[in-house]
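Let's take a walk through this protein together, from the overall layout down to a hollow inside it. Have the sequence and the 3D view open as you read.

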Amino acid sequence: MEFIYNPVTDSAKECSCRQLRIQERRQAFADIPVHFSNITLDTFRTDVYEQYNRLQIANILKTVRCYIDEFEELKADGLGLYIYSHTKGSGKTRLAVSIASELLKQGHRVKFATAISILNEIKASWQRNDSNINESTLLNDLTQTDILVIDDFGQEKISEWVNNEFYHIINERYALSKVTIYTSNCTLDELMYDERITSRIKEKSIMLEFPEESVRDLIAKNNNDMMKNRIQEIR
Ligand SMILES: Nc1ncnc2c1ncn2[C@@H]1O[C@H](COP(=O)(O)OP(=O)(O)OP(=O)(O)O)[C@@H](O)[C@H]1O
Ligand SMILES: [Mg+2]
């Protein structure tokens, strides 16, 4: 069959294929952890928290929705988020990923990384001869991306080198007015980093304090209860 080029539909197809490829590349670059792939804000539940914490969670979600709606304007100022609670498993990473996915869908360049993996990647790049992934390209990705999620900030052992690496990344992003979203088990004041880092984070972050409650513990309890019930049904 003869191939007939239709300038209207074929160029539209080409265009949507290209868009798809760009979106796939962005998705791969974002590096969202498998555990949280396909997680959206709509599946962020409030009923998994104790009744007395639900207002706090509802307010957090309200702030986040407003943040996403007004993102174009906030982005111009490089205004990010600092999401924290001392309790492990309260939902900080899940929320950060949900926001990142939403902004990714809107066409922004997003990158997710834990603070420890950033440091490990930099160290690993010293051993590589591969010129595609040297320290400067890595730092370039981290400083240039529209939105960087630094998960578990403050869990790493802080040495002078660690301070300097994060100062470089955070200061560069500060200077370029790029958005950074942090999750942490520490308040900003508790972070053991230099003030040159924390004061920049303070200026450029909306603070989101999570309830001191572990959804992870609740999930674990539900899983164990479910298993016990199944075993009882078998007996
Ligand atoms: N609001 C929620 N609705 C549904 N699932 C949730 C919610 N919050 C947390 N979870 C689930 O609970 C688990 C722990 O959440 P998450 O990893 O986001 O906690 P965290 O606060 O980042 O913990 P950590 O301090 O250890 O980093 C995950 O499996 C997550 O999907
Ligand atoms: Mg986390």
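What follows starts with the fold as a whole, then turns to the surface and charges, and ends at a cavity.

Keep in mind that you're looking at a predicted model. The protein is built from 9 helices and 5 strands. If you trace the chain from the N terminus, the elements come in the order α-α-α-β-α-β-α-α-β-α-β-α-β-α. As for dimensions, the C-alpha trace spans about 65 × 55 × 40 Å along its principal axes.

How does the chain pack against itself? Among contacts with a separation of 6 or more, 83% are between residues 24 or more positions apart. There are 235 residues in the protein, and 41% of them count as buried.

On the outside, about 14,000 Å² is exposed, and carbon and sulfur atoms supply 51% of that area. The protein carries 30 positive and 36 negative charges, and the mean positions of the two sets sit 4 Å apart.

Now for the hollow. Counting cavities of 30 Å³ or more, the structure holds 1. The largest cavity has a volume of about 100 Å³. Its lining includes G78 and G80, along with I170, R173, Y174, K178, T180, Y182, R200, I201, K204 and S205. Three elements, α7 (160-175), β4 (179-184) and α8 (195-203), each give two or more residues to that lining. The largest share comes from α7, with 3 residues. To find the spot in your viewer, you could select Y174, Y182 and R200, which are among the lining residues.

How values were computed. Residues are numbered from 1 along each chain as its sequence is written. Chains are lettered from A and ligands numbered from 1 in the order in which they are written. This is a predicted model: local features need pLDDT of at least 70, side-chain atom pairs count only at pLDDT 80 or more; totals for chains, interfaces and linings use all residues. Side-chain values use heavy atoms; hydrogens and water are left out. Helices (H or I, at least four residues) and strands (E, at least two) are DSSP runs, numbered from the N terminus. Buried means under 20% relative accessible area, exposed over 50%, partly exposed in between (1.4 Å probe, protein chains only). Contact means heavy atoms within 4.5 Å. Accessible areas come from the Shrake-Rupley method with a 1.4 Å probe; for residues, only the protein chains shown count as cover. Lys and Arg count as positive and Asp and Glu as negative; His and the chain ends are not counted. The place of a charge is taken as NZ of Lys, CZ of Arg, CG of Asp or CD of Glu. On a 1 Å grid over the protein atoms alone, a cavity is a set of points where a 1.4 Å probe fits but cannot get out, and a pocket is an open set with protein on both sides within 12 Å along at least five of seven lines; lining residues have an atom within 4 Å of a point. Grid points are joined across faces, edges and corners, and a volume is the space filled by probe spheres set on the points.
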